[in-house]
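Biologist: Could you take me through one part of this model in detail, please? I would like to look at the metal site, and then at how the charged side chains around the fold pair up.

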Amino acid sequence: MFGRSRKPIPARTAGELDAMEAAGRIVGDALVAVRAAARAGVSTAELDALAEETIRAAGAIPSFKGFEGFPGSICASVNDVIVHGIPSSAVILGEGDLVSIDCGAILDGWHGDSAWTFGVGELSAADAALNDATAQVLSEGLEAMLPGNRLTDVSAALEAATQKAADDFGIELFIVDGYGGHGIGRSMHEDPYLPNEGRPGRGPQIAEGSCLAIEPMLAAGTAASTVDSDDWTVRTADGSRASHWEHTVVATASGPRILTPRPER
Ligand code: MG
Ligand code: MG
């Protein structure tokens, strides 16, 4: 899938990166607002409305809304839903649910994309371990976002971090097949596709200023998934729970810089 091309992932200027971070901060603020509102009895449609309101109040545009026909400003993926859950007034959160919120915003033509998974109230020990492990995989994996590395050095770092997290937490972790991260900038999804596992040293070069959305998706029981008849909702094939964490990240000379920061992990 990756040829011999070493053509780097496009490098953004300092001004462009500041613009992307401004978009990314709005995404972070929307995620924080959604998490604060995510209590038992609240529907994912209510969370979607809150995210859209937060994004528009900041002068940005929710990038998910209308993307390939997606109806929401967030993806709200509960329990065995891995990604791309459609917000709905029929999906009411309950105590102990594991909720993943994926959100994107456009400001001045630049995109931010980030996902956060958290519990409604107290999570079971198993779900808390899965979720903390996935967070750790993102934070360790993105450390490979360095100028001079190749794309799949990030993939290999994510895979190694997954194996380490499984050991650290004493659990099994499965990297969901067929989904991964992506280039980002003037569009939400740009080349290259970033696999969440694989051999290092392949794919385009990461330059100073190259940006990727890095997004490990881990499940407790299987790497296999199915898509609902709505053509969006991606679930684990065995009904086990999944976690998804994502940041938009730029490679800089002084190390990776997260462009979708938020005040809480
Ligand atoms: Mg996303
Ligand atoms: Mg993404």
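Modeller: Happy to; here is the metal site, followed by the salt bridges and the chain as a whole.

A word on conventions comes before the details. This is a predicted model, in which local features need pLDDT of at least 70 and side-chain atom pairs count only at pLDDT 80 or more, while totals for chains, interfaces and linings use all residues. Residues are numbered from 1 along each chain as its sequence is written, chains are lettered from A and ligands numbered from 1 in the order in which they are written, and side-chain values use heavy atoms, with hydrogens and water left out.

Let us start at the magnesium ion (ligand 1). Its protein donors come from Asp102, which appears twice through OD atoms, Asp113 (OD) and Glu246 (OE), at 2.0 to 2.5 Å from the ion. Donors here are N, O and S atoms within 2.8 Å of the metal (3.2 Å for Na, K and Ca), and as water is not among the atoms, sites may look incomplete. Along the sequence, the donor residues of this ion follow the spacing D-x10-D-x132-E. Asp113 also bridges to the magnesium ion (ligand 2), and the two ions lie 3.1 Å apart. Asp113 sits in strand S5 (residues 110-119) and Glu246 in the loop between strand S13 (242-244) and strand S14 (247-252), so this pair ties together parts that are 133 residues apart in sequence. Helices (H or I, at least four residues) and strands (E, at least two) are DSSP runs, numbered from the N terminus. Asp113 is buried at a relative accessible area of 2%, and Glu246 is buried at 0%. Buried means under 20% relative accessible area, exposed over 50% and partly exposed in between, with a 1.4 Å probe and protein chains only.

Now to the charged pairs. The structure holds 11 salt bridges, each a side-chain nitrogen of Lys or Arg within 4 Å of a carboxyl oxygen of Asp or Glu. One of them joins Glu190 and Arg12, whose closest N and O atoms are 2.8 Å apart. Glu190 belongs to strand S8 (residues 190-195) and Arg12 to the segment before helix H1 (14-37), so parts 178 residues apart in sequence are tied together. Both Glu190 and Arg12 are buried.

Another salt bridge brings together Asp127 and Arg241, at 2.5 Å from N to O. Asp127 lies in helix H3 (residues 125-141) and Arg241 in the loop between strand S12 (234-236) and S13, so this pair links parts 114 residues apart in sequence. Asp127 is buried, with a relative accessible area of 9%, whereas Arg241 is partly exposed at 25%.

Within helix H1, Glu21 and Arg25 are four residues apart, about one turn of the helix, and their side chains meet in a salt bridge of 2.7 Å, N to O. Glu21 is buried at 14% relative accessible area, while Arg25 is partly exposed at 44%. Glu21 and Arg25 also belong to a network of salt bridges with Asp18 and Arg257.

Stepping back to the whole chain, its secondary structure comes to four helices and 15 strands. The C-alpha trace spans about 50 × 45 × 35 Å along its principal axes. Of the 265 residues, 54% count as buried.
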